[in-house]
Each structure stands twice: as C-alpha cells, then as structure tokens.
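Q: Hi! I'm new to this one and would love a friendly walk through it. Could you take me around?

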Amino acid sequence: RGGAREFADAYAGLSLPALADEARAHSIAPLLATAMRADPLLAGSGLVPLLTGDQRSAFIHHAVGLERATRCDAALTAAGIPFAVVKGPVLTELAYRAPDRRWYGDVDLLISPGSFERALDVLEEAGARLVDLNWTLAGRQIRGELSMVLDEVPLDVHWHLVNDRRRRQRMPIDTDELLSRVRRVTVGQTTLPALEPTDGLIQLAQHAALSGGTRLGWLADIALWLQHSEVDADETARRAARWGVLPLVGTILDRTERVIGPLGLTVPGARGWRQLVRAADAWRPPGRPHTDHLSWRSLVAATGPSTAASVGELGRVAVLDGVLGAMERRRVRSAGRSGPNPLHVVAGGEAARRAYFDAVRSEARSRLGVPTG
C-alpha cells in the first residue's frame, strides 16, 4: 500500500529467502518481482533474483493452462454446452495483463447443472481423466465440483461456484444466469468464454472469502479486476443480495481496501459482522505469515447472508474445525501420513454415480422452483 521507500524499509534486515517463501505462500511472488523490477529503488534488491524463477514458472504454467483451456473450449463448444472459464487464464489476461504476473496450477470450468454429466463425458472424450471416483462420498456431499486431469493439468469442473452443499443452500447463486451473461474475451492468440465483469467480481470475492481471505494474492485479484474491468456497483449489490452473498462480498472488499487501498466500490450489508472482521484485522492484520494460527481464516470464511448467520457459522466451525479438527490433525500426525484423498478412491459403482447426477439436477431444479418429482 505504501511506496517503494516504505517497502524497502519494511523488509530491511529480514531474511530474503524467508520473504520470498512468504510471497509464494501468498501467491504474489511473480507480481512482486514485476513491481520491484519496474522501480529503480527496488530493482537491485537481492529479492528480485529470488523471485525471477517464479515469474518464469508463471509464464510457463499460463501457456500450458491456456492450451488446456483452449482444448476444453473446443470440445464443449462443439458439443453445444455453454460454459465459462473461471479465474486461471482469463483472470491472468483481464486483471494482470501479462502472462508472467500470476501463477496458477489448474483450470476451472463452470458448467450448467443440466449439462454437467454430459460435459464430463465430452471432456473425457477430449482426453481428460476423471479423478474423483468415490461416487458414494460425492453423492453424500452433493459436491459442487468434480476434479479431472487433462495431460497432467488439473481441471476443476463446477456446476456451482459453492462446493459445500450446506453453504450453497444459503448462497443460491444461479449458474445458468451467470452463463447467460458470458462473453468471449481474447486471451493470447485465442478467445475464451468468461464471466461478465460484475459476475466476475462476485465470483472472486466469494472464492476469496470462503477460502478465508488470508492470501494477499486473492486481494490482488480483486483489486486488479476492479482496476481493469467495468463493474457496475449497483448491480453488484443487487445480484449479491439476491444470491445471499452481499455480506461476503462487502467483507472481502473491506479487507482488500484496508490492505491495498481505495477500490472505488463499496456495498452495504451485515454492518455488525464487518465491524467484527475489521476489529480482528486491526489486532492481527491480514498478510501476516501464512503459518500464523491467528490469521482469522475461519472468521472470514464463516461469512454468511447476515450477521446472525455468520456468527452461527463461526460457532459451528469452532466446534467442528477447532475442536474435532484438532483431534483429527493430531491423529494424522501420529499416524505419520495423511493417506490418499478419499474422493479419489473408487467406490459406489454406477448406481451411486447415477444418484449423484440425479441429485445435482434435482437441487438445481428445486432452486428454480421447478417440481422435482
């Protein structure tokens, strides 16, 4: 937020390798290298060469991710399946304006719930491999996304932006409405379908908040999206309120503005909850070491459609994650290994697979008020 001199004074005497590791943990290493190299006062810092490899890695990963996204686009478009590329190559192009300023490792696709099963089949025909094969668990959770791999690049294929079913019930974001406003944007030498700017902001804020809002990179995503996109403030508030995510958007915009600077966009809602988050941030500012246990990840991630709902969610998280989660983490540490991802274990068979996709379609229809019988 300060100038080059303030930044240079702030890291004077600190371990540069440790600072580079923190930049990576906060997903800003390539962006930080770009900014430092462009400033005469910082360009000669020993931190710059430590981050140069991160810029190269970001460039390579973007080239690979863009190629995979282009292949997905060709397959899904040929099959007549509407979709959007979320974050990844689209965010790199529209917000960061260069292929070496933001590192990402996967490609996120948003598909209509009604086309979700067919889209997975189409992507498999295009060479992707489904890795979430525990249909019993997926059906029990009614997950909002499934994971695939396309030539070693992970694909997160979503039918809803909120993965957790219980949180999704309070945040009824309409996927088909989002897809109805999709535009094609130029990325490198091709074009890809992307969310409309206001929808894109809501998605970035929703993702950052539900993830805890602790990485500086997530806040940079939002600030740069607002800088380079024509976001409608009034429409942001209307859509976010209708989808139950207005406090969530407001909370993460507040945090972004306190960390990075004025954004030129504010939204109302859940004043009490936002004051609580501000007070917590004043005590333990965002951007502290990523290993800090008092980084308030759970506080921001608990943000719901109202102050009361947020407080209730925070209490639930405190019990499930704070108490029961601590017991599970101790058990895992004592065992010496975490074991395979349970979603990747083959279980359930065709009947469970069919039940999962039926549940996806049923939930989508019920959200629109369509009879499910």
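**Helices, sheet and loops**

A: Happy to! Let's start where two helices meet: Thr198, Asp199, Leu201 and Ile202 in H10 touch Glu235, Thr236, Arg239 and Ala240 in H12. Keep in mind that this is a predicted model.

Q: What classes of residue make up the contact of H10 with H12?
A: The contact has three nonpolar, two polar and three charged residues.

Q: And at what angle do the axes of H10 and H12 cross?
A: Roughly 55 degrees, with the axes of H10 (residues 197–210) and H12 (residues 233–242) coming within 10 Å. Angles from 35 up to 65 degrees fall in the oblique class, so H10 and H12 are oblique to each other. Their crossing is right-handed.

Q: Is there another helix pair to look at?
A: Try H13 (residues 246–260) and H14 (residues 271–283), whose axes come within 10 Å and cross at roughly 30 degrees. The crossing of H13 and H14 is right-handed. On the H13 side the contact uses Gly250, Thr251, Asp254, Arg255 and Arg258, and on the H14 side Trp273, Arg274, Val277, Arg278 and Asp281.

Q: How many residues of that H13 and H14 contact are charged?
A: Six are charged, alongside two nonpolar and two polar ones.

Q: Okay, switching to strands. In what order do they sit in the open sheet?
A: The five strands run S1-S2-S5-S4-S3, and the pairing is mixed. S1 (83–86) and S3 (129–130) are the edge strands, each pairing on one side only.

Q: What does "pairing" involve, in general?
A: Strands of a sheet pair through backbone hydrogen bonds, in either a parallel or an antiparallel way.

Q: Then which sense does S2 take with S5, parallel or antiparallel?
A: S2 (residues 107–111) pairs with S5 in the parallel sense, over four bridges. If you want to find the pairing in the model, leucine 109 has valine 157 of S5 as its bridge partner, and leucine 110 stands opposite histidine 158 in S5.

Q: What about S4 and S5, how many bridges join them?
A: Six bridges, and here S4 (residues 145–150) and S5 run antiparallel. Methionine 148, for instance, has leucine 155 in S5 as its bridge partner.

Q: What links S4 to S5?
A: They form a hairpin with two residues between them. Aspartate 151 in that turn has a positive phi of about 50 degrees. Glutamate 152, also in the loop between S4 and S5, has a positive phi too, near 75 degrees.

Q: Why would a positive phi catch the eye?
A: Because most residues other than glycine have a negative phi.

Q: Is glutamate 152 buried or exposed?
A: Exposed, with a relative accessible area of 70%. Strand S5 (residues 153–158) is another story: five of its six residues are buried, so the strand is largely enclosed by the rest of the structure.

Q: Which helix is largely enclosed like that?
A: Take H5 (residues 88–96), where eight of the nine residues are buried, so the rest of the structure largely encloses it. Its buried residues are Gly88, Pro89, Val90, Leu91, Thr92, Leu94, Ala95 and Tyr96.

Q: What comes just before and after H5?
A: Lysine 87 is in the loop between S1 and H5, with a positive phi of about 60 degrees although it is not a glycine. Lysine 87 counts as buried, at 17% relative accessibility, because the cut-off for buried is under 20%. After H5 comes arginine 97, with a positive phi near 60 degrees.

Q: And H6, which of its residues are buried?
A: In H6 (residues 116–125) they are Phe116, Glu117, Ala119, Leu120, Val122 and Leu123. Just after H6, glycine 127 takes a positive phi of about 115 degrees.

Q: Last topic: where is alanine 302?
A: Alanine 302 is in the loop between H15 (297–301) and H16 (307–335). It is buried, with a relative accessible area of 0%.

Q: What does alanine 302 touch, leaving out residues up to four places away?
A: Arg167, Trp273, Ser310, Glu313 and Leu314. Glutamate 313 is in helix H16 and is itself buried, with a relative accessible area of 5%. Beyond its neighbours within four places in sequence, glutamate 313 is in contact with Arg166, Arg167 and Ala302.

Note on methods: Residues numbered from 1 in each chain as written. Predicted model: local features only at pLDDT ≥ 70, side-chain atom pairs only at ≥ 80, totals over all residues. Heavy atoms only, no water. Buried < 20%, exposed > 50% of the residue type's maximum accessible area, 1.4 Å probe, protein only. Contact = heavy atoms within 4.5 Å. Pairing = 2+ DSSP bridges. Axes fitted to C-alpha atoms, helices over the stretch in contact; angles between N-to-C directions. Parallel < 35°, antiparallel > 145°, perpendicular 65-115°, else oblique. Left-handed = near helix turned anticlockwise from the far one by under 90°. Nonpolar A, V, L, I, M, F, W, Y, C, P; charged D, E, K, R; others polar.
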